[in-house]
Amino acid sequence: MTTPSLLDITQAEDYDPNSMPVDQARRHIRAFLTPITTVERLAVRDALGRVLAEDIVSPIHVPGHDNSAMDGYAVRHADLAADADVTLRVVGTSFAGKPYLGPVAPGEAVRIFTGAVVPPDCDTIIMQERARAADGKVTLGAGARQGQNRRLAGEDIKTGAVVLRRGQPVRPAELGLIASLGIVEVSVYRRLRVAFFSTGDELVSLGGSLGPGQIFDSNRYTLYGMLTEIGAEVLDMGVIRDEPEAVEQAFAEAAANADVVLTSGGVSVGDADYVKQMLDRLGQVLFWKIAMKPGRPLAFGRIGRAHFFGLPGNPVATMVTFYQFVRDALLVISGRSLGDGVPTFQARLASPIRKAPGRTEFQRGVLSRGEDGQWTVRTTGDQGSGILSSMSQANCFVVLPTAQGNTEAGAMVEVQPFDGIL
Ligand code: AMP
Ligand code: MG
């Protein structure tokens with residue numbers, strides 16, 4: 001594996017580390033990610049939450065045979081009349097999993113149930129609501145279309161078809177789909193390993209007691225949650241004091257043990273000069289001020305072979321930068337081929353927003369359905385980057401583009417929901 005050089009980024013004409021547009025930062029990051037290549041074979045269920053390392057090719061037709069979409073009667077369409085009732089002799093029954101094996105001659109029909117094999121002599125299913133059965137016979141109405149209510153072998157998936165592509169995540173639907181092909185084991189990439197620590201003399205880990213001016217470390221808990229939710233293996237290295245030796249040792253240890261090093265707090269985004277020198281020694285790291293709010297400072301690069309993201313310390317900024325930059329990056333490193341990213345849509349703003357042009361803002365919003373059925377969004381109260389309760393109250397980001405200024409109630413704004421169904 002060769003480590004790409006970050007120098008190229010800094011030589012682009014429009015490169016301004018002190019005012020980096022959100023999109024540009026995303027592009028730069030994306031261009032320097034090295035996905036995991038180690039592959040594991042896992043039983044289908046164990047692959048849940050992993051990323052496929054192989055295309056899944058169907059060894060069979062699904063469905064495997066022509067079968068009935070209805071409870072009713074399998075018939076030869078040629079026996080039916082265009083404009084009159086027809087009475088046929090019922091010669092047997094085809095149950096799901098227990099086909100009728102005999103021949104079906106002209107003038108004959110077979111009682112059939114949903115999912116049961118359609119006898120080869122028959123081509124059409126008449127649903128039972130259109131049939132009158134009596135004395136071993138069945139009378140069927142006119143107007144049936146040939147092939148009606150018959151599901152064809154291979155109509156969902158044909159033998160040899162590529163059903164899933166390498167890079168796709170294995171979610172509940174994929175588990176079922178893979179199982180429907182009779183495939184027992186799949187190749188997936190190994191789990192991403194992320195080491196993280198907090199930096200700051202004011203931080204106390206849970207279980208400790210607060211001294212004067214100290215606070216509990218919350219970022220390690222949000223990071224733990226966000227990382228676990230995307231399927232990463234986490235290595236929590238605790239709180240590191242703002243001391244050069246301690247910080248250097250933590251960076252070196254994290255980089256040696258993980259694919260990605262994630263830190264939060266001023267030290268990690270290079271507020272202290274010694275950090276920049278240290279990281280230049282240990283790897284190559286760029287320090288950016290992103291034109292966004294919250295979450296202006298962001299460090300990005302490599303320490304040893306590990307990817308590095310230095311997040312700002314303010315708890316909301318940590319989460320916003322994680323979701324807006326790190327999450328997609330980690331998915332790519334995990335082997336995922338990403339689509340268009342997290343969807344956004346337009347919602348009506350319920351109350352005015354104050355905003356100065358010049359930065360992209362990710363305000364915390366509450367989406368609800370208005371009386372007219374339209375999705376309406378209001379922002380949570382104080383949008384300060386230390387107000388972590390805003391992330392808990394919110395169910396979406398309100399994404400306000402760089403050029404936008406104050407926005408009136410009633411305007412349409414872009415929202416990015418926190419939850420999807422899958
Ligand atoms: P810093 O980026 O280190 O200057 O920190 C900015 C603000 O975020 C300060 O108020 C810190 O106390 C706070 N902060 C930094 N790290 C954490 C953390 N792990 N948990 C909670 N607050 C933090
Ligand atoms: Mg700090």
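**Exercise 1. A bridge partner**

Which residue in β9 is the bridge partner of Ala 134? While you're at it, work out how β8 and β9 run and what sits between them.

*Solution.* Keep in mind that this is a predicted model.
- Step 1: Look across from Ala 134 into β9, and you land on its bridge partner, Lys 137.
- Step 2: Now zoom out to the strands: β8 (131-134) is joined to β9 (residues 137-140) by four bridges, and the two run antiparallel.
- Step 3: In the loop between β8 and β9 you'll find Asp 135. Its phi is near 50°, a positive value in a residue other than glycine.
- Step 4: Is Asp 135 buried or exposed? The cut-off for exposed is over 50% relative accessible area. Asp 135 has 78%, so it counts as exposed.

**Exercise 2. The sheet around β9**

Put the strands of this open sheet in order, and pick out the edges.

*Solution.*
- Step 1: Reading across, the six strands go β7-β4-β6-β5-β9-β8, with mixed pairing.
- Step 2: The ends of that order are the edge strands, β7 (124-127) and β8, each of which pairs on one side only.
- Step 3: Going from one strand to the next, the twist averages 35°.
- Step 4: Follow the chain on from β9 and there's a loop leading to β10 (150-151), where Asn 149 sits. Asn 149 has a positive phi too, near 60°, and is not a glycine.

**Exercise 3. One side of a helix**

Which residues of α4 are buried, and what covers them?

*Solution.*
- Step 1: Helix α4 spans residues 219-229, and its buried residues are Asn 219, Arg 220, Thr 222, Leu 223, Met 226 and Leu 227.
- Step 2: These residues cover an arc of only 160° around the axis, so they're on the same side of α4.
- Step 3: Here's the rule behind the spacing: an α-helix has 3.6 residues a turn, so residues three or four places apart point the same way.
- Step 4: The cover over the buried residues includes strands β13 (193-199), β16 (233-240), β17 (260-264) and β21 (306-311), along with helix α7 (315-333).
- Step 5: Just past the end of α4, Gly 231 has a positive phi of about 90°.

**Exercise 4. Two helices crossing**

How do the axes of α2 and α7 cross, and which residues meet?

*Solution.*
- Step 1: The axes of α2 (residues 22-31) and α7 come within 10 Å, crossing at roughly 25°.
- Step 2: Angles under 35 degrees count as roughly parallel, so α2 is roughly parallel to α7.
- Step 3: The crossing is right-handed.
- Step 4: On the α2 side, the residues that meet α7 are Val 22, Ala 25, Arg 26, Ile 29 and Arg 30. Their counterparts in α7 are Gln 324, Phe 325, Asp 328, Ala 329 and Val 332.

**Exercise 5. Three prolines**

Where do Pro 63 and Pro 294 sit, and what is Pro 417 in contact with?

*Solution.*
- Step 1: Pro 63 is in the loop between β2 (56-57) and β3 (67-68). The peptide bond joining Val 62 to Pro 63 is cis, with omega about -5°.
- Step 2: Pro 294 is in the loop between β19 (292-293) and β20 (297-303). Here the bond from Lys 293 is cis, with omega near -5°.
- Step 3: Pro 417 lies in strand β26 (residues 412-417) and is partly exposed, at 26% relative accessibility.
- Step 4: Skip the neighbours within four places in sequence, and the contacts of Pro 417 are Val 342, Pro 343, Phe 345, Asn 395 and Cys 396.
- Step 5: Take Pro 343 from that list: 74 residues separate it from Pro 417 in sequence, while their C-alpha atoms are 7.8 Å apart in space.

Conventions:
Residues numbered from 1 in each chain as written. Chains lettered and ligands numbered in written order. Predicted model: local features only at pLDDT ≥ 70, side-chain atom pairs only at ≥ 80, totals over all residues. Heavy atoms only, no water. Buried < 20%, exposed > 50% of the residue type's maximum accessible area, 1.4 Å probe, protein only. Arc of directions from axis to C-beta. Contact = heavy atoms within 4.5 Å. Pairing = 2+ DSSP bridges. Axes fitted to C-alpha atoms, helices over the stretch in contact; angles between N-to-C directions. Parallel < 35°, antiparallel > 145°, perpendicular 65-115°, else oblique. Left-handed = near helix turned anticlockwise from the far one by under 90°.
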